[in-house]
Amino acid sequence: MNTFMNVEDLGNLQEALAEAMEIKKNRFAYQHLGKNKTLLMIFFNNSLRTRLSTQKAAMNLGMNVIVLDVNAGAWKLETECGVIMDGDKSEHLLEAIPVMASYCDIIGVRSFAGLTDRKYDYEETVFQQFVKHSGKPVFAMETATVHPLQAFADLITIEEHKTKKRPKVVLTWAPHCKALPQAVPNSFAEWMNKADVDFVITHPHGYELDPKFTGSARVEYDQMKALEGADFVYAKNWSCPGVTNPEDYGKILSKDMAWTIDEKHMAVTDNGKFMHCLPVRRGLIVTDDVIESPNSLVIPEAANREISAEVVIKRMLE
Ligand code: CP
């Protein structure tokens with residue numbers, strides 16, 4: 001595997017899940033694969049889980065790890081092509097990428113959406129430059145439009161906690177004070193469409209996700225109706241994806257607190273489990289009682305980020 005961005009990059013999903021479960025039983029079994037190999041992790045944005053879990057996964061595989069936080073100590077990088085660099089950015093990605101690639105064997109990139117130019121974000125301009133100019137395997141540690149390591153960890157978590165062969169999984173929008181990217185819901189939708197689950201998406205009008213990720217998934221605009229009988233409730237905020245109105249791309253269209261997941265919402269589920277990728281704003285996305293309840297999976301979900309990353313890096317090493 002040379003690039004990891006979408007669910008198709010993993011091939012057979014059931015085989016990938018089986019590999020994840022095997023690695024979880026013995027996460028040090030493949031130490032030999034990473035001996036004398038180096039992972040470079042590049043962050044254009046903040047991270048807690050991705051940084052720690054991916055570094056741990058690489059260490060489990062016997063790798064050395066270099067982490068570059070572009071916003072802390074590196075030259076500011078220009079990411080747009082064809083510009084006159086007379087601003088505060090001292091180095092262009094086109095030089096920086098091959099230089100960085102010369103120090104490592106595999107590259108993980110966290111880029112992130114600017115949320116102002118839909119075309120720039122959805123063409124994955126920054127991530128694709130790494131794929132094109134590094135000559136090394138590159139994986140997404142959340143890009144402008146996808147977060148596949150998160151979606152894979154979410155799927156592992158659902159597999160571990162499901163009590164029915166085909167559980168009902170509901171992705172629900174929830175309110176937030178900041179405009180957030182669509183990367184997590186995009187990937188979650190993409191991965192759930194490939195999984196053996198009954199998948200429903202619910203959000204206010206105007207928040208329709210890109211059909212490239214949602215496919216034929218059912219969209220139910222009545223949140224309570226969508227949650228009825230749910231086995232898993234996956235809450236997440238996202239800003240307007242600009243599918244129906246491109247001029248609204250990246251905007252906050254609603255802060256309706258009726259969408260905050262509370263006990264009333266969970267009561268209509270089938271003893272549903274609560275999920276969120278974290279970090280989460282309590283009181284906006286979810287109430288304290290729900291996230292602290294025994295049905296909350298946010299901690300095991302985050303722990304599984306180590307496993308999803310290990311499967312991906314292992315396959316790149318192989
Ligand atoms: N869920 C997730 O990617 O968390 P971080 O932003 O902390 O890495």
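**Notebook: two domains and two loop residues**

I began with the area buried between domain 1 and domain 2, which is about 2600 Å², with carbon and sulfur atoms giving 63% of that figure. I chose this value because the size of an interface is often given as the accessible area lost when the parts come together. I note here that the model is predicted.

**Entry 1: the domains**

I looked up the bounds next. The domain assignment gives domain 1 as 3–146 + 305–317 and domain 2 as 150–302. Domain 1 is therefore written as two stretches of the chain, and domain 2 as one. I took the centres of the two domains over C-alpha atoms and found 25 Å between them.

**Entry 2: what meets at the interface**

I listed the residues in contact: 30 from domain 1 and 32 from domain 2. I then went through the charged pairs and counted three salt bridges between domain 1 and domain 2. I looked up the pair Glu8 and Lys194, which forms a salt bridge with 3.8 Å between the closest N and O atoms. This pair meets the rule because the cut-off is within 4 Å. For polar contacts across the interface of domain 1 and domain 2, I have 11 residue pairs.

I asked myself which elements give two or more residues to the side of domain 1 that touches domain 2. They are helix H1 (13–25), helix H4 (118–122) and helix H12 (298–317). H1 gives the largest share of that side, six residues. I sorted the same side by class and wrote down 16 nonpolar, five polar and nine charged residues.

**Entry 3: Gly62**

I moved to a loop. Gly62 lies between helix H2 (49–60) and strand S3 (64–69). Is Gly62 buried or exposed? Its relative accessible area is 25%, so Gly62 counts as partly exposed. Leaving out residues up to four places away in sequence, I find that Gly62 touches Gln31, Gly34 and Lys35. I also checked Tyr30, which is 32 residues from Gly62 in sequence, and the C-alpha atoms of the two are 7.7 Å apart.

**Entry 4: Thr269**

My last stop was Thr269, in the loop between helix H10 (263–267) and strand S12 (273–275). Thr269 has 10% relative accessibility and so counts as buried; the cut-off for buried is under 20%. I followed its side chain to two backbone atoms: the oxygen of Met266 at 2.6 Å and the nitrogen of Gly272 at 2.8 Å. Beyond four places in sequence, Thr269 touches Leu227, Gly229, Ala230 and Val233.

Technical notes: Residues are numbered from 1 along each chain as its sequence is written. This is a predicted model: local features need pLDDT of at least 70, side-chain atom pairs count only at pLDDT 80 or more; totals for chains, interfaces and linings use all residues. Side-chain values use heavy atoms; hydrogens and water are left out. Contact means heavy atoms within 4.5 Å. Buried area is the accessible area (1.4 Å probe) that two parts lose on being put together, summed over both. A salt bridge is a side-chain nitrogen of Lys or Arg within 4 Å of a carboxyl oxygen of Asp or Glu. A polar contact is a pair of N or O atoms within 3.5 Å; within protein, one must be able to donate a hydrogen and the other to accept it, and residues adjacent in sequence count only if both atoms are side-chain atoms. Helices (H or I, at least four residues) and strands (E, at least two) are DSSP runs, numbered from the N terminus. Ala, Val, Leu, Ile, Met, Phe, Trp, Tyr, Cys and Pro count as nonpolar, Asp, Glu, Lys and Arg as charged, and the others, Gly among them, as polar. Buried means under 20% relative accessible area, exposed over 50%, partly exposed in between (1.4 Å probe, protein chains only).
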